[in-house]
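Before you set up any calculation on this system, please read through the points below alongside the coordinates. They are meant as a careful colleague's reading.

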Amino acid sequence: MAAIVKEGKVEIFLERFHHYKGPGKKQAGFYNPALEIDRDLNVAFCEYVAAKGAKKFLDGLAASGIRGIRIAKEVEKDIEVDINDYNPKSYEIIKKNIEMNGVKANALNENLCILLQKRRYDYIDIDPYGSPIPFISCMLRALKKKTFVAITATDTATLCGIYRKACIRKYHSIPLKGQASKEAGIRILIGYIARQAASFDYSFRPIIGYTHGHFFRVYGIMERGARKADESMKNIGWIYWRDGWKISDFEEMDEKPVAGPLWTGKIYDYNIIEEIEEIIRKKELRKKELLLKLINFFKEEAELSPLYYESAFIAKELKIVQPKMVKIIERLEKKGYKAGRTHFMLNAFKTNAPYSIIKEIFR
Ligand SMILES: C[S@@+](CC[C@H](N)C(=O)[O-])C[C@H]1O[C@@H](n2cnc3c(N)ncnc32)[C@H](O)[C@@H]1O
């Protein structure tokens, strides 16, 4: 049934509307309400990049056009927004939605890879069904000296090791199954983006890499320069299990790793996240409280070591009842280690303590 949905400051016409819980079904003008929280974050991120001088924005896989239309309407700067989808029906819906919301934006009806051969952008959004891989090398041809990007992946089962062969085939990386698989999954995605960028002599630096429900999403910066790309490659490495999670860099593989290659560096830029948080606080957003909670997690995680430990898993191994999360963190900090929670899993924690110490404080 046709419907009009309200989100942020816009109203969007849809040919058909369903209440999805997961990634949703493919259809012209597709709209997934589960991603509203990300579109709120997206608007704040775009306001941040516009303040840094970005002018030309692309919503490359637009469906109903909601991301691009929200950016055009809600970013309080003078910017140009292209909104593209190759599906002719979606294109008609995008035009209608641009007109209905009275925003300054261009509807385009091209195959994204062809469009990216012809135009360059300061911000590129890639929000596909499933994996973003088919679009990443195309995107690298449309970069300026510095371009901000936002990339979604909904093939989380592949990235989290359920489909190991698919992960090796598509992302050229061995996934992690079990403890910390979600974080390893997003690090595989970021690692893949960074390695592809490096092969085009671009660096990639993530600003936020996160998961919510069924998707992974990465916000970051690509910058031209072989030296910068070499620097960014220093963040590619391997994961080992040696009395807890350990990482090594790409060239230093001294024993068989459990996963990788993947991004081992920071996945949150604390200072930029603080600026984005300020923008969010000033905006009227339906998911504001939930989004601010997530932002709090990102800031906490920015200071912690990569990869988390799952409390239920450890308690099962030790055949004991799991202590409360606050107690676990308190005990680790008392012993002089860093520890904190993670948005990847509520019943998990991050720490730089060895696994032997973790087990000791569990008992
Ligand atoms: C997941 S939907 C986008 C959802 C939208 N960004 C949102 O926030 O609601 C993916 C869209 O990409 C479009 N698409 C897929 N492959 C494409 C290509 N090669 N070029 C342009 N559009 C494409 C599909 O028609 C579909 O509308």
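The numbered points that follow take up the ligand site, the sheets, the hairpins and two backbone details in turn.

1. It should be kept in mind throughout that this is a predicted model. The values discussed here are therefore computed from predicted coordinates, with local features requiring a pLDDT of at least 70 and side-chain atom pairs counted only at pLDDT 80 or more.

2. The ligand has 18 residues around it, and those that come nearest are Leu61, Arg67, Asp85, Leu112 and Asp127. In terms of residue character, this shell divides into 10 nonpolar, 3 polar and 5 charged residues.

3. Which polar atoms of the protein lie close enough to the ligand to count as polar contacts, for which the cut-off is 3.5 Å between N or O atoms? A polar side-chain atom of aspartate 85 lies 2.6 Å from an oxygen atom of the ligand, and an N or O atom in the side chain of arginine 67 is 3.1 Å from a ligand oxygen atom. With tyrosine 86 the backbone is involved, a polar atom of it being 3.2 Å from a nitrogen atom of the ligand. As for the ligand's surface, it exposes 610 Å² when taken alone, and the protein buries 92% of that area.

4. An open sheet of 7 strands, with mixed pairing, follows the order E5-E4-E3-E6-E7-E9-E8. Strand E5 (105-108) and strand E8 (202-212) are at its edges and have a single partner strand each, so that one side of each is left without a neighbour in the sheet. From one strand to the next, the twist averages 15 degrees.

5. Within this sheet, strand E3 (residues 56-59) is paired with strand E6 (residues 121-126) in the parallel sense, over 3 bridges. As a landmark for inspecting that pairing, leucine 58 can be found opposite isoleucine 124 in E6.

6. Two helices that pack on the sheet deserve a look. Helix H3 (residues 88-101) touches strand E4 (80-84) and E5, and its direction makes about 165 degrees with that of E5. Helix H8 (residues 181-199), for its part, touches strand E7 (143-153), E8 and strand E9 (215-224), with a direction about 160 degrees from that of E8.

7. A further open sheet has 3 strands in the order E11-E10-E12, and its pairing is antiparallel. Its edge strands are strand E11 (245-249) and E12, each of which pairs on one side only, and the twist from one strand to the next averages 40 degrees. Strand E10 (residues 236-241) is joined to E12 by 3 bridges, the two running antiparallel, and isoleucine 236 has tryptophan 263 in E12 as its bridge partner.

8. Two antiparallel strand pairs can be checked in the hairpins. Strand E1 (residues 3-7) and strand E2 (residues 10-14) are joined by 5 bridges, with isoleucine 4 opposite phenylalanine 13 in E2; their hairpin has 2 residues between the strands, and glycine 8 there takes a positive phi near 55 degrees. Strand E14 (residues 339-342) and strand E15 (residues 345-351) pair over 4 bridges, alanine 339 standing opposite threonine 351 in E15, and this hairpin has 2 residues between its strands.

9. Where, finally, does the backbone call for a second look? Most residues other than glycine have a negative phi, and most peptide bonds are trans. Aspartate 201 has a positive phi of about 60 degrees although it is not a glycine, and this aspartate 201 lies in the loop between H8 and E8. Glycine 260 and proline 261 are joined by a cis peptide bond, with omega about 0 degrees, and proline 261 has its place in strand E12 (residues 259-263).

How values were computed
Residues are numbered from 1 along each chain as its sequence is written. Side-chain values use heavy atoms; hydrogens and water are left out. A residue is near a molecule or strand if one of its heavy atoms lies within 4 Å of it. A polar contact is a pair of N or O atoms within 3.5 Å; within protein, one must be able to donate a hydrogen and the other to accept it, and residues adjacent in sequence count only if both atoms are side-chain atoms. Accessible areas come from the Shrake-Rupley method with a 1.4 Å probe; for residues, only the protein chains shown count as cover. Ala, Val, Leu, Ile, Met, Phe, Trp, Tyr, Cys and Pro count as nonpolar, Asp, Glu, Lys and Arg as charged, and the others, Gly among them, as polar. Two strands pair if DSSP finds at least two bridges between them. Axes are lines fitted to C-alpha atoms, for helices over the stretch in contact, and angles run from 0 to 180 degrees between N-to-C directions. Contact means heavy atoms within 4.5 Å.
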